[in-house]
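Here's a quick briefing on how some helices and strands fit together in this model. Have a look at the structure first, then go through the points below.

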Amino acid sequence: MKMNHIKMLLLPKRRTTYLRRWFSALPSMMEESPRRPRLEELRKQLAKEDEQQRQEATNLSMVQQHQSTMDTTTTTRDDKHNQYNMLIDRFQRHHSYLRISLSERCNLRCQYCMPPEGVPLQPSSSLLTRSEIQTLTQLFHQHGVNKVRLTGGEPLLRKDVVDIVHDIRSVGIHHVGMTTNAMTLSRHLDSLVDAGLTR
């Protein structure tokens, strides 16, 4: 407020008129006041700080929620690791797929597989028996395996192949497949499907 304004306020006769004019001019004086830009600046700064605090609180909540999820996931992963540690490789991959070779023998002589002079074969006594295959499959199933593929040689050359498929399904394996040249598949297909062959 200017000094001449203060002096005029002290004069009794002009006091009422001046006060009325002064208050009516107060809004425009505030608009022209050099302090107003500073007030607006402070107001904006306070609003910005409030927004930053809200954002920081939101981010903190998200971090805490993410950490809680990670802790739960880590616990679950550790539980699975303890249960399936036998089948986890050095890249932390869990293997749920088992291949079992039933025989070295084959009823074909493909050039990429069998040379003209042949290959030495293991005696039948060295191959896994039906009960051994069932025991091993059950052990692997307890450690997370749910898929088994029977291979060879030619697996259909095993006379007990249908019983082997049935035994594998009986321990809880969901998928049992077979790699075959299909030369004699038509003789065994219905029995294999009934025993539980899936692919």
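Strand β2 (residues 147–151) is joined to β3 by 4 bridges, and the two run parallel. Strands count as paired if DSSP finds at least two bridges between them; helices (H or I, at least four residues) and strands (E, at least two) are DSSP runs, numbered from the N terminus. Keep in mind that this is a predicted model, where local features need pLDDT of at least 70 and side-chain atom pairs count only at pLDDT 80 or more, while totals for chains, interfaces and linings use all residues. Residues are numbered from 1 along each chain as its sequence is written, and side-chain values use heavy atoms, with hydrogens and water left out.

**The sheet**

- Within the β2–β3 pairing, Lys147 stands opposite His175 in β3.
- The open sheet has 3 strands in the order β1-β2-β3, with parallel pairing.
- β1 (97–101) and β3 (175–178) are the edge strands, each pairing on one side only.
- From one strand to the next, the twist averages 20 degrees.

**α5 against α6**

- Helix α5 (residues 130–142) packs on helix α6 (residues 161–170) at about 25 degrees, with the axes 9 Å apart. Axes here are lines fitted to C-alpha atoms, for helices over the stretch in contact, and angles run from 0 to 180 degrees between N-to-C directions.
- α5 and α6 are therefore roughly parallel (angles under 35 degrees get that label, over 145 roughly antiparallel, 65 to 115 roughly perpendicular, and the rest oblique).
- Their crossing is right-handed: the near helix is turned clockwise from the far one by less than a right angle, while anticlockwise would be left-handed.
- On the α5 side, Arg130, Ile133, Gln134 and Thr137 meet Asp163, Ile164, Asp167, Ile168 and Ser170 in α6, where contact means heavy atoms within 4.5 Å.
- By class, that contact has 3 nonpolar, 3 polar and 3 charged residues. Nonpolar covers Ala, Val, Leu, Ile, Met, Phe, Trp, Tyr, Cys and Pro, charged covers Asp, Glu, Lys and Arg, and the others, Gly among them, are polar.

**α6 against α7**

- α6 also packs with helix α7 (residues 185–195), at about 15 degrees and with axes 8 Å apart.
- That makes α6 roughly parallel to α7.
- The crossing of α6 and α7 is right-handed.
- Val161, Val162, Val165, His166 and Arg169 in α6 meet Ser191, Leu192 and Ala195 in α7.
- The class count for the contact of α6 with α7 is 5 nonpolar, 2 polar and 1 charged.

**Backbone details**

- α5 has 13 residues and should span 18 Å at 1.5 Å a residue (times one less than the number of residues); its end C-alpha atoms are 19 Å apart, which agrees.
- Gly144 follows α5 and has a positive phi, near 110 degrees.
- Gln92 has a positive phi too, near 65 degrees, in a residue other than glycine; Gln92 lies in the loop between α4 (36–84) and β1.
- A cis peptide bond runs from Gly152 to Gly153, with omega near 15 degrees, and Gly153 is in the loop between β2 and α6.
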